[in-house]
Amino acid sequence: MINRRIFLRNAAAAAAVSVAARHLLLAQNGSTASAEPIAATLSIDESVTLATVPADFIGLSYESAQLANPAFFSAANTSLIALFRELSADGVLRLGGGTSEFTAFTTQEPSGPPPFDAVGPDSSKNVKADTPITPASLRNLRAFLDAANWRCLYGLNLGRGPVPRAAEEAFYVEKILGPRLMAFQLGNEPDAWRNRYRPASWSYADYWKEWSTAHAAVVARVANAKFAGPDVSNKMAYVTGFAEDVKKNAPDVVLLTSHYYAMGPAGAPGITLDKLLSPDPKLERDLSTAKDAAHSAGVPYRMSEGNSCWNGGQPGVSDTLASALWVADTMLNFASLGCAGVNLHGGGSGYYTPIAGSLAAGFVRRPEYFGIELVKQFTGATLLKSTLDCTNDKLRAYAARRSRTQLVAVINKTAQPAEIQFPLRRVRRQWLLTGPAIDAKQSVALIEGRTSSLHNGVLHVAPYSAVLTEN
């Protein structure tokens, strides 16, 4: 007998694809065009390459507290493993977040049940309690990573935890995870510790001293340890300072990291769909700073945690089709600027999580998942210089080449259809990222179309959708 929950889940997935297919047909027939189309011209300069998207570009970020339930990240959690593998055959799981400063490593395995099944993104509303991480959690994590073929960026508790305990945890992590360990991060968002875990006078100079002490303690236990950092929330002075200091003093730092949230906090005025879909000038500035700092230090840069809206996500915004379009645009923007990878934060039933659910309830794809799936097609490809001649800055385009294949993604974050003069005359394959409405939480999907939206050199892109072509 078929399990009822599995049957309902499969039925829901089939319904989502059916709805998305109808949207694709409407877009191709021009039936969604109730407003004047946006006219644009796309040009691609194949002689100018921007960056090659690494195989491990795609990543997810979870709270460290999730390890308090050893069954979550384990080989037995086959449904979650399948969802990870669907997103990437070579991804990166980052463990950290606000709860990482409330973890307590111990070699004593707890006798009672785990404190929770699944834990969602941290927010200032959460009441946090110390959660145990044990060797059993790490052994299960290794089995999960092996099954998914992902690596792990592992955060250690520096904000509240004693340094010797962090060093002991690092010893067990390296011993158990082995080649699945990408690097250690020491502390989560240290630029936000002032008046929280540290005095009001807390500065980058203070952080560097503490980081150096913790670094030395970890290296004393793990001679070949690799590190990443500074894993800050938004203060780019920490990123530039860290890059300069590790260049001189810590050659075992292999990755520069920081976080990015498009807006926040959740619940504040103005945290809307329109704001999420609008360009963020601060992102371009900060990405340029991070890229230059990483180049100066001779290491790659990775966005190790981020999403649509900090403080847990905004309901009706972070869990909609809008967030899927935002993910596709933002991740490709990071890639075009040479970012080594993006780890979208999530877990539990958080509003912005790409995968929602728990062992008890099962796991489902949320809208952001489908935005990541679109970006997945670009891994291993080299992004090319492309110019979209258009007056609307919510219409975005990216082009790339892999061997003899050219990829072009056009993301329409407006309520108008778009008609784009296209430099290519044929399309071999096409995908459409779509949903019933911009605020739709269900029936969002990435589907492969059987016919092309390219007609007579014009690419037709429906309102609030994205088209990916392979030529």
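Which side chain does arginine 396 meet in a salt bridge? Let's work up to that and a few related puzzles.

This is a predicted model, where local features need pLDDT of at least 70, side-chain atom pairs count only at pLDDT 80 or more, and totals for chains, interfaces and linings use all residues. Residues are numbered from 1 along each chain as its sequence is written, and side-chain values use heavy atoms, with hydrogens and water left out.

**Exercise 1. Find the salt-bridge partner of arginine 396, then place both residues in the fold.**

Step 1: Recall the rule, in which a side-chain nitrogen of Lys or Arg lies within 4 Å of a carboxyl oxygen of Asp or Glu. The partner of arginine 396 is aspartate 329, at 3.0 Å from N to O.

Step 2: Look up the elements, where helices (H or I, at least four residues) and strands (E, at least two) are DSSP runs numbered from the N terminus. Arginine 396 sits in strand E15 and aspartate 329 in helix H9, so the bridge ties together parts that are 67 residues apart in sequence.

Step 3: Check the burial, where buried means under 20% relative accessible area, exposed over 50%, and partly exposed in between (1.4 Å probe, protein chains only). Arginine 396 is partly exposed at 25%, while aspartate 329 is buried at 7%.

**Exercise 2. Compare the settings of two further salt bridges, glutamate 210 with arginine 198 and aspartate 274 with lysine 394.**

Step 1: The side chains of glutamate 210 and arginine 198 come to 2.8 Å, N to O. Glutamate 210 belongs to helix H5 (residues 204-221) and arginine 198 to the loop between strand E7 (181-186) and H5, so this pair joins parts that are 12 residues apart in sequence. Glutamate 210 is partly exposed at 26%, and arginine 198 is buried at 15%.

Step 2: For aspartate 274 and lysine 394 the N to O distance is 2.4 Å. Here aspartate 274 is in helix H7 (residues 273-277) and lysine 394 in the loop between strand E14 (382-389) and strand E15 (395-402), so the two parts tied together are 120 residues apart in sequence. Aspartate 274 is partly exposed at 45%, whereas lysine 394 is buried at 16%.

Step 3: For the full tally, the count comes to 18 salt bridges.

**Exercise 3. Decide whether aspartate 252 has or lacks a salt bridge, and describe its surroundings.**

Step 1: Locate aspartate 252 in the loop between helix H6 (236-249) and strand E9 (253-263).

Step 2: Look for an opposite charge, with Lys and Arg counted as positive, Asp and Glu as negative, and His and the chain ends not counted. The nearest such side chain, lysine 226, is 6.9 Å away, and aspartate 252 is buried without a salt bridge.

Step 3: List the contacts (heavy atoms within 4.5 Å). Leaving aside residues up to four places away in sequence, aspartate 252 touches His215, Val219, Ala225, Lys226 and Phe227.

**Exercise 4. Classify the ring pair of phenylalanine 84 and phenylalanine 144.**

Step 1: Apply the criteria: rings of Phe, Tyr and Trp (its six-membered ring) pair if their centres lie within 6.5 Å, and planes under 30 degrees apart are stacked, over 60 edge-to-face, and the rest tilted. By this rule there are 25 aromatic pairs.

Step 2: The centres of phenylalanine 84 and phenylalanine 144 are 5.1 Å apart and the planes stand at 85°, so this pair is edge-to-face.

Step 3: Phenylalanine 84 lies in helix H2 (residues 78-87) and phenylalanine 144 in helix H3 (residues 135-148), 60 residues apart. Both phenylalanine 84 and phenylalanine 144 are buried.

Step 4: For practice, take tyrosine 260 and phenylalanine 334, a tilted pair with 6.0 Å between centres and 55° between planes. Tyrosine 260 is in strand E9 and phenylalanine 334 in helix H9 (residues 321-336), 74 residues apart.

**Exercise 5. Explain why cysteine 152 does not form a disulfide.**

Step 1: A disulfide is a pair of cysteine sulfur atoms within 2.5 Å.

Step 2: The closest cysteine sulfur, in cysteine 339, is 18 Å from that of cysteine 152, which is too far for a bond. Cysteine 152 is also buried, with 0% relative accessible area.

Step 3: The disulfide count comes to zero.
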